[in-house]
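Q: Could you take me through one part of this protein up close? I'd like a single connected walk rather than a list.

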Amino acid sequence: MKKFVLLAHGEMERTPEFQQAHRAWWSSIRDHVVDSGNPLFNGRNVTRDREVSELTADQSPVLGYSIVEAESIEEAVALLAGCPMDTWVYEAMPM
């Protein structure tokens with residue numbers, strides 16, 4: 001099995017409907033979850049020249065992360081069916 005990082009980004013609705021949809025989706029993928037992750041906030045962009053700037057909502061900052069296991073990137077993407085958030089998926093390459 002390979003590991004994939006799920007990065008929720010953009011804007012998140014904080015409605016009861018969203019929370020219910022999120023719980024239902026999360027329950028459907030729990031067997032694949034390696035690290036449930038955490039919400040992320042107060043982000044900064046740091047360039048290689050050490051210029052620091054705040055990440056703003058219009059930059060679609062990452063809102064949180066989770067790590068899942070799947071056989072392929074296609075299977076990892078399929079795990080997002082029913083996910084109520086915009087999500088980036090990256091394969092975590094072993095080092």
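A: What follows starts with the whole chain and then zooms in on one strand and its surroundings. Keep in mind that this is a predicted model.

The protein chain has two helices and six strands, and from the N terminus on they run β-α-β-β-β-β-α-β. The C-alpha atoms fill a box of roughly 40 × 40 × 20 Å along the principal axes. Of the contacts with a separation of 6 or more, 80% are between residues 24 or more positions apart. Buried residues make up 22% of the 95 residues.

Now for the close look, which begins with strand E1, residues 2-9. Histidine 9 is found in this strand. Is histidine 9 buried or exposed? Histidine 9 counts as buried because its relative accessibility is 11%, and the cut-off for buried is under 20%. The side chain of histidine 9 makes a polar contact with the side chain of tryptophan 88, at 3.3 Å. Trp88 also turns up among the residues that histidine 9 touches, along with Asp86 and Thr87. Another run in that set is Ser60, Pro61, Val62 and Leu63.

Following that second run leads to strand E5, which covers residues 62-70. Serine 66 sits in this strand. Serine 66 is buried because its relative accessible area is 9%, again set against the cut-off of under 20%. What does its side chain do there? A polar atom of the serine 66 side chain lies 2.9 Å from the backbone oxygen of serine 36. Leaving out residues up to four places away in sequence, serine 66 touches Asp35, Ser36 and Gly37, as well as Trp26 and the trio Phe4, Val5 and Leu6.

Two of those, Phe4 and Leu6, bring us to the largest nonpolar core, where they are among the residues that touch the most other members. That core has 14 residues, and Trp25, Val68, Leu80, Met85 and Val89 are also in this best-connected group. Strand E1, helix H1 (16-29) and E5 each give two or more residues to the core.

Trp25 is a good place to finish. Among the residues that tryptophan 25 touches are Leu6, Leu80 and Met85, and these three also belong to the best-connected group of the core. Tryptophan 25 touches Leu79, Ala81, Gly82, Cys83 and Pro84 too, again not counting residues up to four places away in sequence.

Note on methods: Residues are numbered from 1 along each chain as its sequence is written. This is a predicted model: local features need pLDDT of at least 70, side-chain atom pairs count only at pLDDT 80 or more; totals for chains, interfaces and linings use all residues. Side-chain values use heavy atoms; hydrogens and water are left out. Helices (H or I, at least four residues) and strands (E, at least two) are DSSP runs, numbered from the N terminus. Buried means under 20% relative accessible area, exposed over 50%, partly exposed in between (1.4 Å probe, protein chains only). Contact means heavy atoms within 4.5 Å. A polar contact is a pair of N or O atoms within 3.5 Å; within protein, one must be able to donate a hydrogen and the other to accept it, and residues adjacent in sequence count only if both atoms are side-chain atoms. A nonpolar core is a set of buried Ala, Val, Leu, Ile, Met, Phe, Trp, Tyr and Cys residues joined through side-chain atoms within 4.5 Å.
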